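Student: I'd like a close look at one helix and the way its neighbours pack on it. Can you walk me through it?
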Amino acid sequence: MSQQPFQYEAPQSLAELWSTLDLGQDGTRFLAGGTDLLVKYKRKQLSVTRLVDIKNIPDLQGVWLDAALGLRIGALTTLTDLAAHPLVNEHVPVLAAAASKMASAQVRNRATVGGNLCNAAPSADLAPPLLVLQARIKTLSAAGERELPLRHFFAGPGLSTLRPGELVSEVILPLPEGNTRAVYLKQGLRQAMDIAMVGVAVKLKLSGSLCEEAAIALGAVSPVPLRAESAEQYLKGRKLDAQSIAEGADLAAKEASPISDVRASALYRSQLVAALLKQGLQQCAGILTEGEN
Amino acid sequence: MVKISLIINAQPWEIQVEPDETLLDAIRGKVGLTGTKKGCDSGECGACTVIMNGRSVNSCLVLAVEADGQEITTIEGLSHGQELHPLQAAFISEGAVQCGFCTPGMIMSAKALLDSNPHPSEQQIRQGMAGNLCRCTGYGRIVAAVEKAAQLIGGDRLDATGSRQTGNQV
């Protein structure tokens with residue numbers, strides 16, 4: 001690749017990783033699926049002097065149910081495995097559906113859950129559904145582990161609150177209650193291989209047509225994926241009808257602060273937020289009504 | 001340079017690679033199998049698609065060092081001597097090849113798809129091949145070729161009258 005090549009290491013365990021990690025060295029990068037990192041490296045947007053391939057570390061793999069915490073998803077879970085995993089499909093089908101719509105089969109076979117979050121793109125497709133599912137992030141470093149809500153993980157475009165030498169080990173999802181439904185809707189120019197102009201995730205807890213709780217998250221319309229809190233508060237305790245859905249959608253559009261770029265103008269993005277949220281609210285309400293009959 | 005060992009098309013190889021050399025460059029430059037193509041070199045076009053441990057990957061987004069100990073199938077690994085793989089035969093008979101540059105990647109994606117789903121619908125074929133771009137023909141004949149190959153391999157998607165149940169009528 002014609003740049004000064006980096007040093008490559010592939011530790012087989014966390015112990016081996018921490019014993020060899022040199023935090024004083026700039027340009028140390030963790031490699032998981034590589035579908036973002038290698039593209040940035042080739043475009044000379046990322047300096048890499050030492051590449052630490054974490055794919056062989058067992059502690060970062062697997063999907064399992066934890067009676068106390070909920071569904072635990074290892075950071076190395078590929079998008080293909082996330083979309084197909086029985087536990088994910090049973091408990092958080094919105095996440096499986098979001099993963100199955102990302103990129104291409106080839107990319108999904110490599111790209112990981114942890115990588116999608118650590119890359120911290122405002123348009124990261126897993127972020128909105130994980131935000132409405134109230135995901136928590138578990139991180140590991142030589143100093144120990146910590147846990148934080150996903151909403152405190154993103155710091156800006158391409159930036160997370162990970163500390164030097166820290167990596168994401170798991171995403172932890174509390175199991176949604178029985179009468180909740182969630183959808184993720186994204187709009188791009190193509191149905192595949194496209195970065196979302198806007199992504200909207202909705203999770204509703206409904207009792208009949210009464211919205212007991214609403215969680216709404218928006219992607220690609222602000223420096224970080226965000227929860228649309230004023231729309232959530234407005235919808236909470238309200239009957240879902242044409243008027244409240246339209247009002248909620250408008251409130252969410254006002255919370256977005258999109259930019260104009262090659263994919264869409266800011267104005268178009270704001271209008272997309274309202275349109276997608278309206279559709280999402282209708283779908284959640286419709287699905288639930290059908291399910292209760 | 002780093003020494004890696006891998007299986008390519010059922011043959012063991014030991015090659016020396018740079019740490020930042022892609023699997024694509026190693027396959028073409030070190031192993032000498034040039035059927036796998038370099039298009040965008042950034043995971044967008046799918047021309048470099050190979051199958052690694054049963055799953056399709058963009059070989060431009062895999063480092064050669066990551067493929068150490070892995071099993072790779074390239075387009076050259078599909079035929080048995082002079083006998084073409086059903087996908088290769090179907091791409092020819094359906095006229096799914098124009099300039100041919102995207103074809104090896106298309107066929108490897110189609111193989112991965114049919115290996116996991118032997119009887120895909122037209123929609124599933126289009127979704128499964130979404131990471132492979134063709135700039136010559138459009139995709140109709142490519143989809144028809146994958147449908148035909150699925151029939152050649154499985155042979156049980158015909159209804160009582162011998163017509164296909166889904167997809168384009170021929």
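Student: Which hand does the crossing of α2(B) and α3(B) have?

Tutor: The crossing of α2(B) and α3(B) is right-handed, meaning that the near helix is turned clockwise from the far one by less than a right angle (anticlockwise would be left-handed). Before the details: this is a predicted model, where local features need pLDDT of at least 70 and side-chain atom pairs pLDDT 80 or more, while totals for chains, interfaces and linings use all residues. Residues count from 1 along each chain as written, chains are lettered from A and ligands numbered from 1 in written order, and side-chain values use heavy atoms, without hydrogens or water.

Let's start with α3(B) itself, residues 103-116 of chain B (helices are DSSP runs of H or I with at least four residues, numbered from the N terminus). Its 14 residues reach 20 Å from first C-alpha to last, close to the 20 Å expected (1.5 Å times one less than the number of residues). Twelve of the 14 are buried, which means under 20% relative accessible area with a 1.4 Å probe, protein chains only (exposed is over 50%, partly exposed in between). Among them are B:T103, B:P104, B:G105 and B:K111.

B:A112 is another residue of α3(B), and it counts as buried because its relative accessibility is 13%. Leaving aside neighbours within four places in sequence, B:A112 is in contact with B:I51 and B:S56 (heavy atoms within 4.5 Å).

Now the partners. The axes of α2(B), residues 86-93, and α3(B) come within 10 Å and cross at roughly 125 degrees (axes are lines fitted to C-alpha atoms over the stretch in contact, with angles from 0 to 180 degrees between N-to-C directions). That angle makes the pair oblique: under 35 degrees is roughly parallel, over 145 roughly antiparallel, 65 to 115 roughly perpendicular, and the rest oblique. From α2(B), B:L87, B:Q88 and B:F91 meet B:T103, B:M106, B:I107, B:A110, B:K111 and B:L114 of α3(B). Those contact residues divide into six nonpolar, two polar and one charged (Ala, Val, Leu, Ile, Met, Phe, Trp, Tyr, Cys and Pro are nonpolar; Asp, Glu, Lys and Arg charged; the others, Gly among them, polar).

On to α5(B), residues 140-154: its axis and that of α3(B) come within 11 Å and cross at roughly 45 degrees, so this pair is oblique too. Here α3(B) passes α5(B) in a right-handed crossing. B:M106, B:A110 and B:L114 of α3(B) contact B:I142, B:V146, B:A149, B:A150 and B:I153 of α5(B). The tally there is eight nonpolar, no polar and no charged.

Terms used
Helices (H or I, at least four residues) and strands (E, at least two) are DSSP runs, numbered from the N terminus.
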